[in-house]
Amino acid sequence: MILGGTSNITFDEMNKLSGKGTAAGIAKYPKGGLTGKFSTSNVINGTGLLPTQFGYGAKSFDVTFK
Amino acid sequence: MTLSGAIGGAGGLTKQGSGTLTLSALNSYADNTIIDAGTLIVAHDGALGAANSGTFVELGATLALSGGFTYATAEALSLNGTGVGGVGARENLSGNNTFAGSINLPAPGWIVCTAGTLTLKGNINTGNQLNGGLTVAGAGNTTISGMIFGTAVAGLTVAPGPGTLTLSAQNRYTGTTTVNGGTLVVNGSLPASGVIIVNAGATLAGTGSVGAVTANGGTVAPGPIGGIGILTVSSADFSNGGNLLIQIQGYKNAGGRL
């Protein structure tokens with residue numbers, strides 16, 4: 001998966017996400033790995049929780065909301 | 001003009017001239033239906049004559065469905081071009097219509113769902129053209145449950161517009177898929193070796209599997225429209241303004257996933 005450049009990730013919290021936590025394995029990239037990171041992020045239909053930490057692992061990435 | 005009486009006999013039917021002809025009865029004529037020019041509106045199952053003959057839509061002409069019905073007769077269609085004034089060689093004028101027949105594209109062809117929903121159950125052959133394949137457009141929603149196959153270089157294009165195209169079969173066409181507007185929902189599969197380009201203003205969604213995705217300003221939203229699900233891709237490139245839209249409402253099993 002190729003990120004970087006002007007890539008963006010949008011989280012739609014569907015007005016339902018509650019409490020702090022980590023969403024694991026949002027994207028998996030078992031073949032070809034990962035290049036770069038998302039340049040920007042934003043939230044729609046938010047519940048006040050924001051993505052505060054992106055964990056770019058070897059095969060997938062996780063996002064922590066607080 | 002509307003022909004509401006049944007047409008029979010050994011011959012076929014050729015529509016000429018720029019006007020509109022509506023066939024609203026079950027017809028049994030044995031030979032082909034040819035739309036040379038103008039618009040032929042079908043408003044009844046079986047209106048295109050015997051199923052073992054075909055219907056040919058020539059360049060600049062349109063075959064339209066209207067009224068909300070199922071054309072269950074397996075009529076084979078041959079589509080050419082963008083239709084009358086660009087409305088599509090095959091147009092869904094209104095209502096929720098289903099067409100069961102197969103579609104062949106001897107030249108690049110447009111299917112336009114102007115309003116309502118159009119469901120195409122037959123297989124579609126994109127042909128082998130170097131200058132285009134199948135284009136789907138319009139503000140309505142189109143579902144193709146038949147298999148799309150063929151080797152046209154531009155295999156499938158979704159034209160700008162608010163409509164949704166849903167693919168539910170295991171498709172085998174080899175050309176590029178380009179989404180220029182609206183939403184392409186893949187709940188079946190596209191070839192893993194294929195290329196999908198999602199341009200600005202367009203969205204790729206669904207729970208199926210696709211090939212190499214390049215989001216050029218467009219959005220990739222795994223899952224059904226408005227819901228959570230997993231979309232499998234061979235690879236994905238978001239570096240040129242691409243947007244990954246993840247719907248999330250809890251942490252267990254996360255949300256939408258790529």
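1. Let's start with A:Thr10, which sits opposite B:Leu245 in strand 28 of chain B. One residue on, A:Phe11 faces B:Ile246, again in strand 28 of chain B. This is a predicted model, so please read everything below as computed from that prediction. The two pairs belong to a junction in which strand 1 (residues 8-12) of chain A and strand 28 (residues 243-247) of chain B run parallel, joined by five bridges.

2. What does that junction build? Eleven strands make up an open sheet with parallel pairing, in the order 3(A)-1(A)-28(B)-26(B)-24(B)-22(B)-20(B)-17(B)-14(B)-11(B)-8(B). Its edges are strand 3 (40-44) of chain A and strand 8 (70-71) of chain B, and each of these pairs on one side only. If you're tracing the sheet on screen, the crossing from chain A to chain B falls between 1(A) and 28(B) in that order.

3. Now the contact between the chains as a whole. In total, 21 residues of chain B touch 25 residues of chain A. On the chain B side, strand 27 (232-237) and strand 28 are the elements that supply two or more residues. Strand 28 of chain B gives the largest share, five residues. Which classes make up this side of chain B? The split is nine nonpolar, ten polar and two charged residues.

4. Chain B has a second sheet worth a look. Seven strands form it, open and with parallel pairing, in the order 2-4-6-9-12-15-18. Strand 2 (13-15) and strand 18 (148-149) of chain B are the edges, with pairing on one side only for each. At one end of that order, three bridges link strand 2 of chain B to strand 4 (residues 33-35) of chain B, and the two run parallel. One residue pair to check there is B:Lys15, whose bridge partner in strand 4 of chain B is B:Ile35.

5. On to the packing. The largest nonpolar core counts 77 residues, and the ones with the most contacts inside it are B:Val42, B:Val57, B:Val198, B:Leu204, B:Val213 and B:Val220. Strand 13 (residues 109-113) of chain B makes the largest contribution to this core, with four residues. As background, nonpolar side chains tend to be buried together in soluble globular proteins.

6. B:Val213 is a handy place to zoom in on that core. Which residues does B:Val213 contact, once neighbours within four places in sequence are set aside? They are B:Ile196, B:Val198, B:Leu204, B:Val220, B:Val233, B:Ser235 and B:Ala236. Among these, B:Val198, B:Leu204 and B:Val220 also appear in the list of residues with the most contacts inside the core.

7. Overall figures for chain B. The chain has zero helices and 28 strands. Its radius of gyration is 19 Å, close to the 18 Å that the globule rule gives for 258 residues, so chain B is as compact as a globular protein of that length. The C-alpha atoms fill a box of roughly 65 × 35 × 30 Å along the principal axes. Of the 258 residues in chain B, 51% are buried. Taking contacts in chain B with a separation of 6 or more, 33% are between residues 24 or more positions apart.

8. The matching figures for chain A. There are zero helices and five strands, and the elements run β-β-β-β-β from the N terminus on. The C-alpha trace of chain A spans about 35 × 20 × 15 Å along its principal axes. Buried residues come to 29% of the 66 in chain A. For contacts in chain A between residues at least 6 apart in sequence, 76% join residues at least 24 apart.

9. Finally, two backbone spots in chain A to check. A:Met14 has a positive phi of about 55° despite not being a glycine, and it lies in the loop between strand 1 and strand 2 (21-28) of chain A. A:Asn45 is also a non-glycine with a positive phi, about 50°, and its place is the loop between strand 3 and strand 4 (51-56) of chain A. Are these two buried, partly exposed or exposed? A:Met14 has 18 other C-beta atoms within 10 Å, so it counts as partly exposed. A:Asn45 has 13 within 10 Å, so A:Asn45 is partly exposed too.

Note on methods:
Residues numbered from 1 in each chain as written. Chains lettered and ligands numbered in written order. Predicted model: local features only at pLDDT ≥ 70, side-chain atom pairs only at ≥ 80, totals over all residues. Pairing = 2+ DSSP bridges. Core = buried A, V, L, I, M, F, W, Y, C linked by C-beta atoms within 7 Å. Buried ≥ 20, exposed ≤ 12 C-beta atoms within 10 Å, placed from the backbone. Contact = placed C-beta atoms within 7 Å. Nonpolar A, V, L, I, M, F, W, Y, C, P; charged D, E, K, R; others polar. Rg over C-alpha atoms; globule rule 2.2 N^0.38 Å.
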